[in-house]
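Me: I would like to go through this model and ask what each label rests on. Please set the values against the cut-offs.

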Amino acid sequence: MMKKMTLGLALAAASAGAFADWAPIYLDGSYTSTVTYGPPGGAVQTVNAVEKMDASGHAAGPVGAFAQKALTLQPLLKADLDTASAAGVPAGTSFVSGAMTGGLQIYMTAPTFGTSGVNHVSLSGPTYTATYSSSGSSYGIHYTCTLRATMANLQVAGSYNTLSSQIDASQTTLNFTPQSNASCSTSLDWLPIFGDWAARMATGAANQATLANLSAFQGTTLQSVLPGAPQYVGFNAAIPAGIFMFAGQDMGQYIKNNSAALLSTPGATVLINIGAPQIEGPFVYGTSETAPLSYYNTEFSISFGSFAGTLGYKVSSARYFDYTYQCPAGSTRGCNEP
């Protein structure tokens with residue numbers, strides 16, 4: 001780890017009590033792409049390839065560009081749910097904000113019998129919470145309440161045509177477990193309207209407008225990272241030729257050239273994980289530097305499974321930081337690193 005440096009008027013040692021903050025310094029970072037291959041009855045093998053980030057910790061090549069694209073999906077899904085949660089709130093109530101935690105998991109199965117080329121696909125993983133503010137008066141008592149409606153175990157299911165790379169938005173369904181709580185400025189236990197208000201708000205979010213938004217999300221945004229030409233160009237660019245070699249066979253190129261077959265083989269399963277954005281190297285306020293110096297994330301992974309074995313591709317990132325101690329802007333007294 002690089003030695004932390006002191007900025008500002010360090011000679012003014014007598015003012016050790018002056019307030020200061022910690023500023024991050026990006027040191028190094030890279031994206032690692034990995035292909036994993038497990039033949040039937042054989043040992044699982046992996047081959048890695050590393051792509052360096054630029055001097056600011058951003059993508060400098062196709063692997064990083066694809067990773068950054070994958071991380072845009074969770075915020076886009078949150079934006080759709082924010083729109084749905086803010087619609088139709090009753091008078092005296094306002095939508096404050098929405099929050100989503102967790103990445104996205106996409107599970108796809110090809111039918112063993114019957115029509116081939118049309119897979120069941122489900123998106124799950126995140127938890128979404130909408131926060132509302134409500135105020136008014138009842139029987140002369142004024143109240144202000146904060147209400148939170150949570151959509152836990154969120155799952156969006158649909159149908160995916162592996163030949164056309166199209167999602168059938170008309171078959172989209174939304175399921176979740178509603179949870180709620182309310183915090184009010186005065187006790188309102190005797191007002192039954194607040195007993196299940198947030199729960200009803202959460203359940204009410206599963207209306208036609210929400211389904212329309214989520215169908216659009218599945219039909220366009222999610223499709224941008226599902227395998228299949230021509231939409232999946234980011235994935236194709238992220239796998240170079242001649243790198244992921246197993247016993248003389250380029251399995252990276254095999255994934256690119258046979259994605260439709262890998263998806264539609266009867267009984268095949270596909271598991272895709274898309275990471276959630278995270279804060280890396282934050283500015284730290286105060287005199288105690290507690291932020292981590294290294295950050296890791298898995299932006300994307302896909303795993304194919306069938307009777308022919310297992311095959312997977314993954315993109316992950318690593319970033320490393322140091323911190324400098326700095327005096328407040330305009331300080332004339334200086335400060336010392338604690």
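Me: How much area does the protein chain expose, and what share of it do carbon and sulfur atoms supply?

Reply: This is a predicted model. The protein chain exposes about 15800 Å², and carbon and sulfur atoms supply 57% of that area. The chain has 338 residues, of which 45% are buried, and holds 7 helices and 13 strands.

Me: Why is D21 called buried?

Reply: Buried means under 20% relative accessible area. D21 has 12% relative accessibility, so D21 counts as buried. D21 lies in strand β1, residues 21–38. Leaving aside residues up to four places away in sequence, D21 touches F283, V284, Y285, G286, T324, Y325 and Q326.

Me: What makes D28 and K52 a salt bridge?

Reply: The cut-off is a side-chain nitrogen of Lys or Arg within 4 Å of a carboxyl oxygen of Asp or Glu. For D28 and K52 the N to O value is 2.7 Å, so the pair meets the rule. The pair links distant parts of the chain, with D28 in strand β1 and K52 in strand β2 (residues 45–52), 24 residues apart.

Me: Are D28 and K52 buried or partly exposed?

Reply: Partly exposed covers values between 20% and 50%. D28 has 33% relative accessibility and therefore counts as partly exposed. K52 is partly exposed as well, with a relative accessible area of 44%.

Me: How many salt bridges does this rule give?

Reply: The count comes to 3. Another one joins D82 and K78, whose closest N and O atoms are 2.6 Å apart. These two are 4 residues apart in helix α2 (residues 73–86), so about one helical turn separates them. D82 is buried because its relative accessibility is 17%, while K78, at 23%, is partly exposed. R319 and E280 also meet in a salt bridge, at 2.8 Å from N to O. R319 lies in strand β13 and E280 in the loop between β11 and β12, so the pair ties together parts 39 residues apart in sequence. Both R319 and E280 are buried.

Me: Which strands supply at least two residues each to the lining of the second largest pocket?

Reply: They are β1, β11 (269–274), β12 and β13 (309–326). The largest share, 5 residues, comes from β13. The second largest pocket has a volume of about 150 Å³, and its lining includes T34, L271, S301 and Y313.

Me: Which residues make the nonpolar surface patch of about 290 Å²?

Reply: L27, Y296 and Y320 make that patch. Y296 is found in strand β12, residues 294–306.

Key:
Residues numbered from 1 in each chain as written. Predicted model: local features only at pLDDT ≥ 70, side-chain atom pairs only at ≥ 80, totals over all residues. Heavy atoms only, no water. Patch = residues over 30% accessible without salt bridge, like charges linked within 9 Å, V, L, I, M, F, W, Y side chains within 5 Å. Areas by Shrake-Rupley, 256 points an atom, 1.4 Å probe, with all protein chains shown as cover. Buried < 20%, exposed > 50% of the residue type's maximum accessible area, 1.4 Å probe, protein only. Contact = heavy atoms within 4.5 Å. 1 Å grid on protein atoms, 1.4 Å probe; cavity = no way out; pocket = protein on both sides within 12 Å on 5 of 7 lines; lining within 4 Å. Points joined across faces, edges and corners; volume = space filled by probe spheres on them.
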